[in-house]
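Colleague: Got a minute to go through the charged pairs with me? I'd like to start with one contact and work outwards.

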Amino acid sequence: NGLGDVEASRGDHRSARRYHHESLARYRELDDRWGIARVLSDLAGVDLAAGDFSAAERSIREAIQIFRGLGHQRGVVRQLESLSRCASSQHRDAAAVVLVSAAAAIRHRIATPPRQAERKAIDRTLEQARARIGDDQYAQKWKEGQTGTLDQVLALETAPRTSRDQA
């Protein structure tokens with residue numbers, strides 16, 4: 001997994017994916033749920049950077065379920081935030097707001113504020129979403145994230161919408 005991180009930092013997404021997939025296979029052989037979730041998270045980051053949103057979403061969603069099963073709420077939160085960036089990158093801004101809001105609700109509950117770099121990424125996602133969907137829809141979607149269950153939030157699709165659906 002470390003070699004995947006090195007290659008990702010160099011911008012070599014292909015090599016990073018290869019190393020992460022090798023690590024993932026080893027963790028799966030060992031049935032190391034924690035290791036699997038961590039590698040899936042790293043792999044999703046590479047896929048997001050490479051613009052492969054469907055692969056990123058698959059990894060994120062699997063990681064969420066594993067972190068959830070492990071009772072690791074901070075892992076769930078970080079994956080929700082990653083999923084929000086995936087949604088935002090596909091102009092699914094309403095979904096991005098709901099996902100960030102749900103993550104914020106969990107962060108509040110477990111008293112774990114985002115780190116500075118996380119905060120900046122969250123703020124960028126939210127600022128972009130607000131500009132695209134407007135204040136009223138933003139407020140509505142924020143409320144949905146605050147009050148929805150994790151299952152309800154995860155039911156959101158992050159595939160790109162057609163222009164007809166943008167309204």
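**Salt bridges, pair by pair**

Modeller: Sure. In this predicted model, Arg-61 and Glu-57 form a salt bridge through their side chains, at 2.6 Å from N to O.

Colleague: Where do Arg-61 and Glu-57 sit relative to each other in the helix?

Modeller: Both belong to helix H4, which covers residues 53-70. They are four residues apart, so about one helical turn separates them.

Colleague: And is Glu-57 buried or exposed?

Modeller: Glu-57 counts as buried, because its relative accessibility is 16% and the cut-off for buried is under 20%. Its partner Arg-61 comes out at 21%, so Arg-61 counts as partly exposed.

Colleague: OK, next one. What does Arg-68 pair with?

Modeller: Asp-151. Their side chains meet in a salt bridge at 2.8 Å, N to O. Arg-68 is in helix H4, while Asp-151 is in helix H8 (residues 150-154), so this pair ties together parts that lie 83 residues apart in sequence.

Colleague: How accessible are Arg-68 and Asp-151?

Modeller: Arg-68 has a relative accessible area of 31%, which makes it partly exposed. Asp-151 is at 47% and is partly exposed as well.

Colleague: What about Glu-144, which residue does it meet?

Modeller: That would be Lys-141, in a salt bridge with 3.1 Å from N to O. The two lie three residues apart in helix H7 (residues 116-147), about one turn of the helix.

Colleague: And which of those is buried, Lys-141 or Glu-144?

Modeller: Lys-141 is buried, with a relative accessible area of 16%. Glu-144, at 31%, counts as partly exposed.

Colleague: Which residues are linked in a network of salt bridges?

Modeller: One such network links Arg-78 and Arg-107 with Glu-81 and Glu-118.

Colleague: How many salt bridges does the structure hold?

Modeller: It holds 14. Among them are the Arg-61 to Glu-57 pair and the Arg-68 to Asp-151 pair.

Colleague: Switching topic: where does Ala-25 lie?

Modeller: Ala-25 is part of helix H2, residues 13-30. Its relative accessible area is 38%, so Ala-25 is partly exposed.

Colleague: And what separates the C-alpha atoms of Ala-25 and Ile-36?

Modeller: 8.5 Å, with the two residues eleven apart along the chain.

Methods
Residues numbered from 1 in each chain as written. Predicted model: local features only at pLDDT ≥ 70, side-chain atom pairs only at ≥ 80, totals over all residues. Heavy atoms only, no water. Salt bridge = Lys/Arg side-chain N within 4 Å of Asp/Glu carboxyl O. Buried < 20%, exposed > 50% of the residue type's maximum accessible area, 1.4 Å probe, protein only.
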